[in-house]
Amino acid sequence: MTYARAYIGLGSNLDEPLAQVRQAINELGKLSLTRFERASSLYASRPVGPQDQPDFVNAVAAIDTALSPLALLDQLQALEQRHRRRRLRHWGPRTLDLDLLLFNDQHIDHPRLVVPHPHLYERAFALIPLAELDAPLTLFDHSLDHWIERLEDQGLARLDENGSN
Ligand code: ROI
């Protein structure tokens, strides 16, 4: 069986975000045909998009999977549903968001799935935890640091084990 390395972005700003993200990290370890590798620290982050919503908790997890990208997407969406995902409006508050950020070095352009995630390079809440997991990764032919140096301050704060900053 051949395994691909996938990076999953996790985000929540409703219904106890810290618990949502911790539990989702745990559940990623139980996906079929998949080995959990490691997860970043948890981060508190100001909302990107509409500001009249709670701060998010974000993290990134690394998994090795024998699932195809679309089969993995199906599993991630099922996991979101098990968290009774609520999405109140476009770019608004959500219970649990799981984004497939990278799948090996594949470029995927499918109606259901674009990889690398098209907003990854501009989002501190995804780039910084990703760099914590795998600093040498490249994205669109540049180092992660290249993209991180270009970010505006997005109010990202690393949380300790107790969820405090
Ligand atoms: N903003 C932050 N900080 N974290 C997220 O996970 C997140 N997810 C989103 C939008 C609404 C774009 N903003 C976010 O989908």
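Strands here are DSSP runs of E with at least two residues, numbered from the N terminus. Keep that in mind as you click around this predicted model, since short strands frame the opening stop.

**Stop one: Phe140.** Select Phe140 and you land in the loop between strand E8 (138-139) and strand E9 (142-143). Check its backbone torsions: phi is positive, about 50°, although Phe140 is not a glycine. Most residues other than glycine have a negative phi. Turn on a surface and Phe140 shows up as partly exposed, with a relative accessible area of 33%.

**Stop two: Leu120.** Now measure from Leu139 to Leu120: their C-alpha atoms are separated by 8.8 Å, with the two positions 19 residues apart along the chain. Leu120 belongs to the loop between strand E7 (113-115) and helix H3 (124-133). Is Leu120 buried or exposed? Its relative accessible area is 1%, and the cut-off for buried is under 20%, so Leu120 is buried.

**Stop three: Pro116.** Stay in the loop between E7 and H3, where Pro116 is also found. Pick the peptide bond joining Val115 and Pro116: it is cis, with omega about -5°. Most peptide bonds are trans.

**Stop four: Asp15 and Thr95.** Jump to Asp15, in the loop between strand E1 (4-12) and helix H1 (17-28). Here is another non-glycine residue with a positive phi, near 55°. Asp15 counts as partly exposed, at 39% relative accessibility. Show side chains and draw the distance to Thr95: the two side chains make a polar contact at 3.5 Å. Thr95 sits in the loop between helix H2 (69-82) and strand E5 (97-103), and at 0% relative accessibility Thr95 counts as buried.

**Stop five: the ligand.** Finish by centring on the ligand, which sits in the largest pocket. Select the residues around the ligand, among them Gly11, Pro47, Val48, Phe56, Trp91, Asp97, Arg123 and Phe125. By class, this shell has 5 nonpolar, 3 polar and 4 charged residues.

Which side chains should you label for polar atom pairs with the ligand? Try these:

- Ser45: a polar side-chain atom lies 2.8 Å from a nitrogen atom of the ligand.
- Asn58: an N or O atom in the side chain is 2.8 Å from an oxygen atom of the ligand.
- Arg94: an N or O atom in the side chain is 3.1 Å from an oxygen atom of the ligand.

Then toggle the protein surface: taken alone the ligand exposes 350 Å², and the protein buries 95% of that.

Terms used:
Residues are numbered from 1 along each chain as its sequence is written. This is a predicted model: local features need pLDDT of at least 70, side-chain atom pairs count only at pLDDT 80 or more; totals for chains, interfaces and linings use all residues. Side-chain values use heavy atoms; hydrogens and water are left out. A residue is near a molecule or strand if one of its heavy atoms lies within 4 Å of it. A polar contact is a pair of N or O atoms within 3.5 Å; within protein, one must be able to donate a hydrogen and the other to accept it, and residues adjacent in sequence count only if both atoms are side-chain atoms. Accessible areas come from the Shrake-Rupley method with a 1.4 Å probe; for residues, only the protein chains shown count as cover. On a 1 Å grid over the protein atoms alone, a cavity is a set of points where a 1.4 Å probe fits but cannot get out, and a pocket is an open set with protein on both sides within 12 Å along at least five of seven lines; lining residues have an atom within 4 Å of a point. A molecule sits in a cavity or pocket if more than half of its atoms lie within 2 Å of its grid points. Ala, Val, Leu, Ile, Met, Phe, Trp, Tyr, Cys and Pro count as nonpolar, Asp, Glu, Lys and Arg as charged, and the others, Gly among them, as polar. Helices (H or I, at least four residues) and strands (E, at least two) are DSSP runs, numbered from the N terminus. Buried means under 20% relative accessible area, exposed over 50%, partly exposed in between (1.4 Å probe, protein chains only).
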